[in-house]
Amino acid sequence: MTSLPKNWITEGLIDFEYKKYQLLAYLQETNKHFNAMKLYPVLAELIDHYRDLNELKSGKKELTSLFPKTLDSIDFQNGKLNYQSKVNEDGIMKELSMITEFALPKITSKIEEGKTIYDFVEGQLEFEPVGIVPIYNQEGYILMSRDKKQDIHAFRYKSSLLHFAGEKFRSISMWLVGVFQRSLVNTLEKIKMELVREIKELPNPATWRIHSQKEFPIEETLVPISKRLLLKSVTV
């Protein structure tokens, strides 16, 4: 996929027409992913770009810190390195303003499109426990299935509590541990017991079923949405 660097607006040639072309090429690529119902990492990248542009527009970032600089002199007495901007800052402020004003509504519209797809996919999912959920449910399994597929993808998950800037955040990590074949005999409960026998460190795991009525991409769509569903159900 054609990517858009984090500092794309200040990197390289700072020219409205060039940046406009660069942005539109990127958004065209995001269309291909959204048309294929692939949400991530595209949606997360769009949100990051929106935040960066909005901060630039509102003046919360020091624009000059983003411009490329060269070493101008060394202040040995105070132990400082003095840098000089490689660009004429006054001459490009108008270009940056035009680029920002053009890009923000385009990216906002694309984010809304991604959120619409997200809500649609989530509405097609069935999420429920397999058996009794134990008191400790910060680790366990997700058994993921899709209507027209016989494969059941078994993921192991783990919930973690992160501390950042004095705040606490929960995160979910997921990784594939096996692919099983669905049948009248090979039930979800039987698959759960097989996982217990194979992975002995989780003798009584919390296990969840996520079933999709449609054939959405697993890694790009079902896994990230499953993580958000888990965050609503897993206790700290």
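In this predicted model, the largest pocket is lined by 16 residues, and those that lie nearest its centre are Y40, A44, I47, R51 and R228. The volume of this pocket is about 540 Å³. Helix α2 supplies the largest share of the lining, namely five residues, while the elements that each give two or more residues to the lining are α2, α3 (89–123), β6 (167–181) and α5 (218–233). With regard to chemical character, the lining of the largest pocket divides into eight nonpolar residues, seven charged residues and one polar residue.

Helix α2, which spans residues 42–58, also takes part in a contact with helix α1, which spans residues 16–35. Two packed helices are described by the angle between their axes and by the distance between those axes. For α1 and α2, the axes come within 10 Å and cross at roughly 145°, and the crossing in which α1 passes α2 is left-handed. On the side of α1 the contact involves Y26, L27, T30, H33 and F34, and these residues meet V42, E45, L46 and H49 in α2. The residues of this contact comprise five that are nonpolar, three that are polar and one that is charged.

The loop between α1 and α2 holds two residues with notable backbone geometry. M37 lies in this loop, and M37 has a positive phi of about 60° although it is not a glycine. P41 is likewise found in the loop between α1 and α2, and the peptide bond that leads from Y40 to P41 is cis, with omega near 5°. Y40, on the other side of that cis bond, is also one of the residues that lie nearest the centre of the largest pocket.

Aromatic rings were examined next. A pair of aromatic rings is described by the distance of the centres and the angle of the planes. The count for the model comes to three aromatic pairs. Among them is the pair formed by F16 and F102, which is edge-to-face, with 5.8 Å from centre to centre and 85° between the planes. Because F16 lies in helix α1 and F102 in helix α3, this pair ties together parts that are 86 residues apart in sequence.

Key. Residues numbered from 1 in each chain as written. Predicted model: local features only at pLDDT ≥ 70, side-chain atom pairs only at ≥ 80, totals over all residues. Heavy atoms only, no water. Axes fitted to C-alpha atoms, helices over the stretch in contact; angles between N-to-C directions. Helix = DSSP H or I, 4+ residues; strand = E, 2+ residues; numbered from the N terminus. Left-handed = near helix turned anticlockwise from the far one by under 90°. Contact = heavy atoms within 4.5 Å. Nonpolar A, V, L, I, M, F, W, Y, C, P; charged D, E, K, R; others polar. 1 Å grid on protein atoms, 1.4 Å probe; cavity = no way out; pocket = protein on both sides within 12 Å on 5 of 7 lines; lining within 4 Å. Points joined across faces, edges and corners; volume = space filled by probe spheres on them. Phe/Tyr/Trp six-rings, centres within 6.5 Å; stacked < 30°, edge-to-face > 60°.
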